[in-house]
Every structure is written in C-alpha cells, then in structure tokens.
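Hi everyone, thanks for making time for this. I have one model to walk you through, so let me put it on the screen.

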Amino acid sequence: MGRRNKAYSKDLHQQAYERFKGMHAFGESKKAAVAEGTERDKIFSYNTYKSYWKHTKYFIKYIKENHPECTTLKSARKYVNEWLQVRVDQGLSAWTVQLEAKALGKLYGIQPDNENYFKPPKRNREDIKRSRGDRVRDRHFSKTNNDELIKFCQGTGLRRSELEELRGKDLVTREQIEMEIARLEAIPESRRTPIAQNRLRTLQDARLFRGKYFTLVRNGKGGRARLSPITGKNTAQIVERIKNTPPEEKVWKHVHKSADIHGYRAEYATAIYRTHAREIKDIPYDRVNRGTGRRYQSEVYVCRKDEAGKKLDKAAMLVCSKALGHNRISVVANNYIRGL
C-alpha cells in the first residue's frame, strides 16, 4: 500500500520547488497584484525566481547536513536565521546575504517588517568588490581576443542575460520609434489595451536619449521591456554587427563567463550621464527650505557616505537609470556612475 499522506514522501528539495512553482506569475502585472494585496505570494520575474531558487538550494543543503531530522519545510523554518548568520560569518557580501534573506522570506512568507526577519549587514558602496580592480578571473580573460565584445558592452550597457538573448531583429532606429509612437497615440486612450499602453510608455522613454540607434531589450529586470541607446565611438561597429545577424539568431552565441559585464555597464552609465548632465552651477535654485528659508536646487542629488558631498544632476541620472533598466536614481549613484 502507498503512503496515506503523499506530502511527506517528498524531500525538502521537492517541497521548496513546488512552493516556488506555485508562486510563478511571470508576465503578470505586479502593480495590479499590489493593489489587490496578492503580491506576497507571487514571483513576477523568471530571473528573480532563478536567483531565489539557487540560494534556497544552499539553505536546503545546509539543513540536510546539519539538521537531518528536519524533513519538512515547516520544521526547517526555525533554522532560517541560523543559516543566514552562518553566511555572514562566512564573509559573504551584504548584497548576497540580503538576497538570501529575501529568497527565504519569500519561501516562508516572512516579510521585512516581521520582527523575526533576519537583519543582514548594511550595504555600503565602499564594500563593493565586483568590478573594482583586478580579480582572479581576469587572468582567464583576454581583452585582445574579446575586444569586440568589450566595445559592444560599453556601447549598449546590457546585462549578461540581455546580451545573451539579443537577436538580429532587436536593432531599432529613432525613426521607427517615432512612427510607432504616432500610431499608438492615434488610438484613443480609452481604447488602448494595457499591452499597447505599456508599449507606448517604453517608446516614449526613448525620447529621453540622444542618438539614432537603440537595442530592444524584450525581457529585462523584472520582466520589463526597454529601449537602450547605443552610444560611444564604437556605435557604427555595434550597429553593423547587429545588422549582419539574421533576425532570429543571437548576436552573441557565446559570452565569455569571465567578461566583466557589470564593469562595462558602469562605463556605459558614466558615459550616458556625462552626455546628458548639466553643470551643477547652471542648475537653478528653484525651491525654498521650509525650515531655514534658504533656496536650494531640487534637481541636484547630493551623494552620501563614502562620496558625501559629491553632487549630480538628477535629470541626467534619470536618463542613465532608464537606459540601464532601473527606476531609481539612487541605484545609479551607488552602483554605476564612477570617476566623476
């Protein structure tokens, strides 16, 4: 005879997999789910799911090795904070520990405002190790042999996953963008589908950028589509490579695993910022502080912590953020803009 309760025949790996699988909501509107109060039990991006599942498997392995008596997710829950503290003690970065805390929080429904939610170390810019200086992996990466890849990344700012999925059909010109904007705007707003409205916003964002050519990112961070400008002195070479790729084929069939993609994105971001930034002295003092009565520049971003006092143009930061596929200018200031 079989077991009466089939659930207990599944190991921790299978239980966690099925829990996450039940949360799949790829392509659904997160905004709508927030309004309905159902977002806590959903994962809206495949990449987010992939990251959560990867780090949850580390937790499961730890439980199997150190607490083998735990055969259900429920019994293993009490060891979540113990595991996360182990990761801190192992010297993992604050970013990684926060990601693992989020992954297990999603698995168990533990919200950040819960008193039992693990309080990971704070993330400080000066602690960032990625793309800072020479790394061991750099010894296995030839800049000469990968010169075209490096220039392509510096001119497009794509993430690794976006670069690996870029197709020959994903080159877009400004003329094409304006033609499609006109077509969509001709449709009364009341008759536009949500897909058409989102598409129109993506196209209109492209008006923030300078330049003639763009890459279409179909599935960026959070599953969002965007148009990123192709920029820099290697624009013609980048455009030519995409044009010479058949529509359905990948522009890059192999992206070297040791390529410093984040570093190239940072160079791209800095170049975009410099192209659009105003001189700080030219930005008007347009607001008045209620407390002191002094006028100040609302369009100026003042950096904190290790770069305290450095000032940036908020308008240019927004352009940079949109090009990278982010929505917060603080992310650009803390992780991308360098050497200014």
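I'll go from the overall picture to the central strands, then to the salt bridges and a patch of charge.

A word on the ground rules. This is a predicted model, so local features need pLDDT of at least 70 and side-chain atom pairs count only at pLDDT 80 or more, while totals for chains, interfaces and linings use all residues. Residues are numbered from 1 along each chain as its sequence is written, and side-chain values use heavy atoms, with hydrogens and water left out.

Let's start with the whole chain. The protein chain has 14 helices and seven strands; these are DSSP runs numbered from the N terminus, with helices being H or I of at least four residues and strands being E of at least two. Along its principal axes, the C-alpha trace spans about 70 × 60 × 55 Å. Of the 340 residues, 40% are buried. Buried here means under 20% relative accessible area, exposed means over 50%, and partly exposed is in between, with a 1.4 Å probe and protein chains only.

Now to the strands. How many of the residues of strand 2 are buried? Five of the five, residues 213-217, so strand 2 is largely enclosed by the rest of the structure. Tyr213, Thr215 and Val217 point one way, Phe214 and Leu216 point the other way, and all are buried.

What does strand 2 pair with? On one hand there is strand 1, residues 171-173, which runs antiparallel to strand 2 and is joined to it by three bridges. Two strands pair, by the way, if DSSP finds at least two bridges between them. In that pairing, Thr173 stands opposite Tyr213. Then there is strand 3, residues 226-229, again antiparallel to strand 2, with four bridges joining the two. If you want to trace the register, Phe214 has Pro229 as its bridge partner, and Val217 has Arg226. Strand 3 is covered on both faces: Arg226 and Ser228 on one side, and Leu227 and Pro229 on the other, are all buried.

On to the salt bridges, meaning a side-chain nitrogen of Lys or Arg within 4 Å of a carboxyl oxygen of Asp or Glu. By this rule the count comes to 20, and I'll pick out a few.

The first example is Arg218 with Asp170, at 2.7 Å, N to O. Arg218 sits in the loop between strand 2 and strand 3, and Asp170 in the loop between helix 8 (160-165) and strand 1, so the pair ties together parts that are 48 residues apart in sequence. Are these two partners buried or exposed? Arg218 is partly exposed, at 46% relative accessibility, whereas Asp170 is buried, at 1%.

Another example is Arg278 with Glu299, where the N to O distance is 4.0 Å. This pair also links distant parts of the chain: Arg278 is in the loop between helix 12 (261-276) and strand 4, Glu299 is in the loop between strand 5 (295-296) and strand 6 (300-302), and they are 21 residues apart. Arg278 has a relative accessible area of 35% and is partly exposed; Glu299, at 33%, is partly exposed too. Elsewhere, salt bridges that share partners join Arg159, Glu162 and Arg226 into one network. That is the Arg226 we met as a buried residue of strand 3.

One further pair is Arg167 with Glu165, at 3.2 Å, N to O. Arg167 is partly exposed at 23%, and Glu165 is partly exposed at 44%.

Next, the surface. Which residues form the positive patch? They are Lys30, Lys102, Lys221, Arg224 and Arg328. For this, patch residues have over 30% relative accessible area and no salt bridge, with like charges joined within 9 Å. Areas come from the Shrake-Rupley method, and each charge is placed at NZ of Lys or CZ of Arg. Within the patch, Lys102 belongs to helix 6, residues 94-108, and is partly exposed, with a relative accessible area of 43%.

Last, two distances, C-alpha to C-alpha. Arg183, in helix 9 (residues 174-185), is 17 residues from Leu200 in sequence and 9.5 Å from it in space. Arg287, in strand 4 (residues 287-288), is 180 residues from Leu107 in sequence and 45 Å from it in space.

That's my tour, and I'm happy to take questions.

Note on methods:
Patches are made of residues with over 30% relative accessible area and no salt bridge: like charges are joined within 9 Å, nonpolar side chains (Val, Leu, Ile, Met, Phe, Trp, Tyr) within 5 Å. Accessible areas come from the Shrake-Rupley method with a 1.4 Å probe; for residues, only the protein chains shown count as cover. Lys and Arg count as positive and Asp and Glu as negative; His and the chain ends are not counted.
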